[in-house]
Amino acid sequence: MEYQRAQEIVASPKEYEVSYNGVSVWIDKLLNERTATVHLRHSLEERSEVDISELKEEYLLQ
């Protein structure tokens with residue numbers, strides 16, 4: 001994923017399906033133009049710093 005698209009997803013009121021290594025995640029915040037903090041969609045406890053380029057937008061959740 002590109003940084004600009006990650007910004008759009010974070011700022012959007014809509015919910016997007018985003019994955020990291022095939023696992024559904026929620027983008028918490030963008031730390032810089034290369035790194036974001038994410039957590040598993042169904043678990044708020046585990047947060048990880050990941051490379052934004054490794055995030056994949058799947059689709060818009062209805």
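1. Which residue of β3 does K29 stand opposite? In this predicted model, the residue facing K29 is T37 in β3. The pair belongs to an antiparallel arrangement in which β2 is joined to strand β3, residues 35-40, by five bridges. Four residues lie between β2 and β3, and the two strands form a hairpin.

2. On the N-terminal side of that hairpin's sequence comes another. Strand β1 covers residues 16-20 and strand β2 residues 23-30; their pairing is antiparallel and runs over three bridges. Here Y20 stands opposite V23 in β2. This hairpin has two residues between its strands. N21, in the turn, has a positive phi of about 55°.

3. Both hairpins are part of one sheet. Five strands make up this open sheet, with antiparallel pairing and the order β4-β3-β2-β1-β5. Its edges are β4, residues 47-51, and β5, residues 55-60, each of which pairs on one side only. On average, neighbouring strands of the sheet are turned by 50° against each other, direction ignored.

4. As general background, strands of a sheet pair through backbone hydrogen bonds, and the pairing is either parallel or antiparallel. The sheet in this model shows the antiparallel kind.

5. The remaining point concerns the helix. Helix α1, residues 3-11, packs on the sheet and touches β1, β2 and β5. Of these contacts, β5 is an edge strand. The direction of α1 makes about 90° with that of β2.

Conventions:
Residues numbered from 1 in each chain as written. Predicted model: local features only at pLDDT ≥ 70, side-chain atom pairs only at ≥ 80, totals over all residues. Heavy atoms only, no water. Pairing = 2+ DSSP bridges. Axes fitted to C-alpha atoms, helices over the stretch in contact; angles between N-to-C directions. Contact = heavy atoms within 4.5 Å.
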